[in-house]
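Load the model in your viewer and keep the selection panel open. The stops below go from strands to helices.

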Amino acid sequence: MTTTFYKNLSQILQSEKRLVLMVVIANEGSSPGRKGFKMLVTQNQMHGTIGGGIMEHKLVEFAESLLDKPSFEPFIKLQIHDKSAPKDQSGMICSGQQTIAFYDIDLDFLPTVNQILTEKDFKITYSNSGINIPSENPEWSFAETNSLPQKVYIIGGGHVGLALSETLSKLDFEIHVLDHRENLNTMEQNHFVHSSQVVEFEKIDNYIPEGDAIYVVIMSFGYRTDDIIIRKLIDKHFKYIGLLGSKEKIATLFSKMIEDGFNKDNIAKVYAPIGIDIKSETTQEIAISVAAQLIRVKNQNR
């Protein structure tokens, strides 16, 4: 994720004083490097990725050679993943192509890094003029923000919620945990989230926004609280809503909701039991199965 990458860049830059930053600013087809992928290279180390394989190995060596020069202006390189291409071959055969921008980064870039790490919804623009350097008619450009577009609300701060938070923290999700229990040790141990709150489940709908980038994961303490939560959220619009529990518990819960007049179509949209079926037993296995399902839903229309 963007902020994690720039946090590492800051530490490495302060140590190494200079580095080459590579940013994928465009991609087409089955390109291994997607728009927004980043990699930095110094004389002693590298971090991140622009897609891997022989292409990355070749461009890392190229970046290292750039560090032998006093300085260079931003430029781009097209990489075509097809050995029949007349030029700009990447050395890979997966088809598609990607464009990579190269930047000469020194200690003068640290104030911009600090903005990326501290300012909310900070816009980062990569162009032939530089990074966040105004240009009216850039020859090429790409912009992103430091915010994570996908937001996950985990309702239930217990052991599974903690394990899921840790797993999702390595992915491109902004994580929020909600529970109704005060002084819950697993909530206090959860340093992977962007926020955690103790709330009343009877008012849970006040704490979760609707939207196409909102994922709701219900894994509260038991049947009674699950029932309260799902009834409050079932008619809301989310990208994903899932419920942890046995098939028997979920069947009973949904049956009673239908008896009480809840919309059957909305109930059918709930992923329950939550997660993909990998015969999960441990909290970590459950977390992986749920994370995999979230990834599948996130990427299904790409």
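Two strands pair if DSSP finds at least two bridges between them. Strands (E, at least two residues) and helices (H or I, at least four) are DSSP runs, numbered from the N terminus. This is a predicted model, in which local features need pLDDT of at least 70 and side-chain atom pairs count only at pLDDT 80 or more, while totals for chains, interfaces and linings use all residues. Residues are numbered from 1 along each chain as its sequence is written, and side-chain values use heavy atoms, with hydrogens and water left out.

**Stop 1: strand β1**

Select residues 18–28, strand β1. Eight of its eleven residues are buried (under 20% relative accessible area, with over 50% exposed and partly exposed in between; 1.4 Å probe, protein chains only), so β1 is largely enclosed by the rest of the structure.

Add residues 38–41, strand β2: four bridges join β2 to β1, and the two run antiparallel. Look for Val 20 opposite Val 41 of β2. Next add strand β5, residues 97–106, which is antiparallel to β1 and joined to it by ten bridges. Here Ala 26 has Thr 99 of β5 as its bridge partner.

**Stop 2: a three-stranded sheet**

Now show the open sheet with strand order β7-β6-β8 and antiparallel pairing. The edges are β7 (130–131) and β8 (141–145); each has a single partner strand, so one side of each lacks a neighbour in the sheet. Select β6 (residues 123–127) to see the five bridges to β8. One pair to pick out is Lys 123 with its bridge partner in β8, Thr 145.

**Stop 3: helices α4 and α9**

Select 159–168 (α4) and 283–299 (α9), whose axes come within 8 Å and cross at roughly 50 degrees. Axes are lines fitted to C-alpha atoms, for helices over the stretch in contact, and angles run from 0 to 180 degrees between N-to-C directions. That angle makes α4 oblique to α9; under 35 degrees counts as roughly parallel, over 145 as roughly antiparallel, 65 to 115 as roughly perpendicular and the rest as oblique.

For the contact (heavy atoms within 4.5 Å), show side chains including Val 160 and Leu 164 in α4, and Ile 286 and Val 290 in α9.

**Stop 4: helices α6 and α7**

Finish with α6 (residues 223–233) and α7 (residues 247–259), with axes within 11 Å of each other and crossing at roughly 45 degrees. These helices are therefore oblique to each other. Among the residues that meet are Asp 226 and Arg 231 in α6, and Lys 249 and Lys 256 in α7.
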